[in-house]
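Please open the model in your viewer and keep a selection panel at hand. We will walk through it stop by stop, picking one stretch at a time.

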Amino acid sequence: MSNAEPGHRLAVLLPYRLAPTRISVRISPLSAAILCFCAILAASTAWAESGPTMLSPLQVILKWSPLLLRGFAFNILISLLAMLLGTVAGLGLGLALLSEFRPLAAISWLITQFFRNAPWLVLLFFVMFLVPFQVIMFKTTIPLPDWIKATVGFALPVMANVAEVVRGAVRSIPSTQWEAAESLSFTRRQTMWLIMLPQCIKRMLPPWMNVYALVAMSTVLASIVGVSEMLTLTAQVHAAEGGRPELFAPLYGFALLCFFLYCYPINLWTARLERRFRVR
Amino acid sequence: MATSWTPDQPIVQCVEVRKSFGALEVLKGISLSVRKGEVICIIGPSGSGKSTLIRCINALQPISSGSIQIEGIEVTDPRLDKLALRRKVGMVFQQYNLFPHKTALQNVMMAPIHVLRQDRAEVEMRARALLAKVRLAGKEDSYPGELSGGQQQRVAIARSLAMRPDIMLFDEVTAALDPETVKEVLVTIRELAEDGMTCILVTHEMNFAREVADHVYFTDRGVIVEHGPPETLFTAAKDERTQRFLSQVL
């Protein structure tokens, strides 16, 4: 009874399959900016009706903006350092993934998969609480402040993602390039550094920038472990202003706006590069 | 590696070469020998193992059994320095396989500089001369993407020659070219042959094989069906399979 003839279409209850939902990380161009602006504006008008004794939300933001922007600069610093560290380590890990020496490739595969599939926040906690606040090396004490540990915490998933980007890009180069290099007596290492990687840079750039935009946005996670970056400072400013509820939206809206104005151009540029490199 | 090879012995000697991909045997006992300065053409229908054979000669692919010797050196020897072997053997591919991120001149210069560690200025002089020899003077700074198929293939030939190989392998080098550019590549190969370079060509260009080759091998389904000098093979083939193939392509 299971073999229905092709002509006969019996009404069968098929298992329900969820339509694949695609979650778009990118917010439509202006809507987010408008949203933040509206939040700030709405809160300002709410205040306008309440009385002149307190600073307006806009004035609060203006007053604290040097501090908040310094916090934001710290976010950017952490993200850039994490990216630098993660890229260098990821390049090494990616090359190890491509190694012909099986055990090395297997170990690096495990490392890559582990750090790619672990929640960033959990990795951050691990680094924060497992790494001591200082290390003593050659009788000199090297302090490890929270923000450095956080940077390392972010560099780990970056490393795994960059390794995957490197591996994918090198694999996407036609194997005939390897053959041509081999027939000219290039060693494997020479082929990688002189022929493969230079061709890969273009292909790697868009996904690499994508990783960066994600890191930049994720740096606010550091507030949970007490690094005084923008989100931490925003909470402190809110408290300093008496925790007025009408300040909540403008202050956090300001943080949102900062991140949006920083990350959106990166995403826009990434998309443009992707389009430019697709052909060829 | 010390060998007892002398130039009057075959420069390439294949004995009973077998090669399988899984259960599929593509080379079923190929034997041939090439003397220094000879031009050999291997012809035959698609899938007869021609390309596999010359890739095995270059150790790009390992053989399953048999022996391939180049200048007396056993290619299948696991202790063999494959890179040293490949310095003796230049190879040109059907799809040119130039390095797309390098100019024509850089493509030619790369291997001598990085593999042979020769002096850059001297290599550049030689590379320019080689590009001129393949009639590409003026195209030194063009990237492969800016060159026609025929031009790219001639850069590829110059790139192989820059390593000063003793033997050149050509794997269907005109198969991917436009008809009008085939000729310029064939002229280049003919000049090489006239200069005394040992050449092994896998080709579908029968007229070219007839004019240039010293010896022609006809392969089908992994075996050499028939071989001989072109004048006899092309006009008086003995085997029925050879006759049928030649009647189809000539």
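## Stop 1: chain A

Select residues 118–138 of chain A: the chain here is 52% helix and 19% strand, and the end C-alpha atoms are 34 Å apart. Helices and strands throughout this tour are DSSP runs numbered from the N terminus, with H or I over at least four residues for a helix and E over at least two for a strand. Before going on, note that this is a predicted model, in which local features need pLDDT of at least 70 and side-chain atom pairs count only at pLDDT 80 or more, while totals for chains, interfaces and linings use all residues. Residues are numbered from 1 along each chain as its sequence is written, and chains are lettered from A and ligands numbered from 1 in the order in which they are written.

The stretch you have selected is one of those that UniProt, in an unreviewed entry, lists as "transmembrane region"; the record gives residues 72–98, 118–138, 150–170, 211–231 and 251–270 of chain A. UniProt positions follow the numbering used here, feature names are shortened, and such annotations may be inferred rather than shown by experiment. Now select residues 72–98 of chain A, where the span is 96% helix and 0% strand and the end C-alpha atoms lie 38 Å apart.

Widen the selection to residues 72–270 of chain A, which the unreviewed UniProt entry annotates as "domain: ABC transmembrane type-1". This span is 78% helix and 4% strand, and its end C-alpha atoms lie 22 Å apart.

With the whole of chain A showing, you can find nine helices and two strands. Reading from the N terminus, the order is α-α-α-α-β-β-α-α-α-α-α. Of its 280 residues, 33% count as buried, meaning that 20 or more other C-beta atoms, placed from the backbone, lie within 10 Å of a residue's own; 12 or fewer make it exposed, and anything in between partly exposed.

## Stop 2: where the chains meet

Show both chains. How many residues of chain B are in contact with chain A? There are 17, and they meet 15 residues of chain A, a contact being two C-beta atoms, placed from the backbone, within 7 Å. On the chain B side, α2 (82–88) and α3 (104–114) are the elements that give two or more residues.

## Stop 3: the sheet of chain B

Color chain B by strand and look for the open sheet of six strands, ordered β6-β7-β8-β3-β9-β10 with mixed pairing; two strands pair if DSSP finds at least two bridges between them. At the edges are β6 (89–92) and β10 (223–228) of chain B, each pairing on one side only.

Start at β6(B). Here B:Val89 and B:Met91 point one way, B:Gly90 and B:Val92 the other, and all are buried. Four bridges join β6(B) to β7(B), running parallel, and B:Gly90 has B:Met168 as its bridge partner in β7(B).

Step across to β8 (residues 198–202) of chain B, which is parallel to β7(B) and joined to it by five bridges. Select B:Leu169 and its partner in β8(B), B:Ile200.

At the other edge, five bridges link β9 (residues 215–220) of chain B to β10(B), which run antiparallel; one partnership is B:Thr219 with B:Ile224. These two strands form a hairpin with two residues between them, and B:Arg221 in the turn has a positive phi of about 45°.

## Stop 4: around B:Ile200

Return to B:Ile200 and show its neighbors: leaving out residues up to four places away in sequence, it touches B:Val12, B:Val34, B:Ile40, B:Ile54, B:Ile57, B:Ile167 and B:Leu169.

## Stop 5: two loops

Most residues other than glycine have a negative phi. Select B:Glu71, which has a positive phi of about 50° although it is not a glycine. Its place is the loop between β4 (65–70) and β5 (73–74) of chain B. Is B:Glu71 buried or exposed? B:Glu71 is buried, with 20 other C-beta atoms within 10 Å.

Finish at B:Arg164, also not a glycine and with a positive phi of about 50°. Look for B:Arg164 in the loop between α5 (149–161) and β7 (167–171) of chain B. B:Arg164 is partly exposed, with 13 other C-beta atoms within 10 Å.
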